Amino acid sequence: VERRLQDHPWLRGVEMRKVLPDKLLVRVVEKEPAALLRHAGSLYYVDRRGAVVEGFDWMSEAADLMLLSSPDPSPPALATALSLAAELERLEPEWAAGLSEIEVLRHGDFRLITAVLPFALLVNGRRFESGIRALQKNLPEVLARFPRVAAVDRVAGVASAAAGRRPERSFCRAPTRSRSQWTASNRRRRS
């Protein structure tokens, strides 16, 4: 009985104890779904630790969970994405309340889509807090200069924004120039 219970996908832990003369005490710890994972054309429940629990059948089930998209469905990648959602809740609760999707990209980068902001956020997990703080500070200027922002890139450590045709889902970066190109261009303007 204990082994069958331990194999159940929604149970994290099972403890059984026989109570004499004729009772069996069973204590279970259930997994709680934290998000839905979109991977390889299918949806899966993910628990708070980033582990895939089981498949999600959208035809027979309803779920009001954040969506994770990832080419790598490993628990560390998904757990990092979930920790960013928790960190966003701490730093900017209003943005977190509208968080609908986190896309796991490469090299510790993530794209966050929240209903509260009119653009996607491209962030780096290692510099997440400093990036969010900088965006909070610069958001009025970004919105004033770019009325139809498609995305804000916090990976590079600067707020680069570009006009987009579909700001609710599209992602694009401002024209890329190296630091030396920008510096040379600014020098020419000042001369």
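## Strands, helices and cores in a predicted model

Let's start with a pair of strands: β8 and β9 run antiparallel to each other and are joined over four bridges. Two strands count as paired if DSSP finds at least two bridges between them. Helices (H or I, at least four residues) and strands (E, at least two) are DSSP runs, numbered from the N terminus. Residues are numbered from 1 along each chain as its sequence is written, and the model is a predicted one, in which local features need pLDDT of at least 70 and side-chain atom pairs count only at pLDDT 80 or more, while totals for chains, interfaces and linings use all residues. Side-chain values use heavy atoms, with hydrogens and water left out.

**The hairpin**

With five residues between them, β8 and β9 form a hairpin. In strand β9 (residues 120-124), five of the five residues are buried; buried means under 20% relative accessible area, exposed over 50%, and partly exposed in between (1.4 Å probe, protein chains only). Ala120, Leu122 and Asn124 point one way from β9, and Leu121 and Val123 point the other way.

Across from leucine 122 stands arginine 111, a residue of strand β8 (residues 109-114). What does the side chain of arginine 111 make a polar contact with? Its partner is the side chain of glutamate 103, at 2.6 Å. A polar contact is a pair of N or O atoms within 3.5 Å; within protein, one must be able to donate a hydrogen and the other to accept it, and residues adjacent in sequence count only if both atoms are side-chain atoms.

**Three charged residues compared**

| Residue | Place | Relative accessibility | Class |
|---|---|---|---|
| Glutamate 61 | loop between β5 (52-55) and β6 (66-69) | 30% | partly exposed |
| Arginine 111 | strand β8 (residues 109-114) | 15% | buried |
| Aspartate 47 | strand β4 (residues 42-47) | 2% | buried |

The side chain of aspartate 47 reaches the backbone nitrogen of alanine 51 at 2.9 Å. Contact means heavy atoms within 4.5 Å. Not counting residues up to four places away in sequence, aspartate 47 touches Arg12, Lys31, Glu32, Ala34, Val53 and Leu82. On the same count, glutamate 61 touches Tyr45, Gly55 and Phe56.

**Two cores**

A nonpolar core is a set of buried Ala, Val, Leu, Ile, Met, Phe, Trp, Tyr and Cys residues joined through side-chain atoms within 4.5 Å. The largest one has 32 residues, and Leu68, Ile102, Leu112 and Leu121 touch the most other members. Helix α2 (residues 75-91) gives the most to this core, with eight residues. A second, separate core of six residues includes Trp10, Tyr45, Val53 and Phe56.

Beyond its neighbours within four places in sequence, leucine 68 has contacts that include Leu78, Ala81, Leu82 and Ile102.

**Two helices**

The buried residues of α2 include Leu78, Ala81, Leu82 and Ala85. An α-helix has 3.6 residues a turn, so residues three or four places apart point the same way. From first C-alpha to last, the 17 residues of α2 reach 24 Å, close to the 24 Å expected at 1.5 Å a residue. The expected span is 1.5 Å times one less than the number of residues.

How far apart are the end C-alpha atoms of helix α4 (residues 128-145)? They are 23 Å apart, which agrees with the 26 Å that its 18 residues should span. A kink of about 60° lies at asparagine 138, shortly before proline 140. The bend at a residue is the angle between axes fitted to the seven residues ending there and the seven starting there. Among the buried residues of α4 are Phe128, Leu135 and Leu139.
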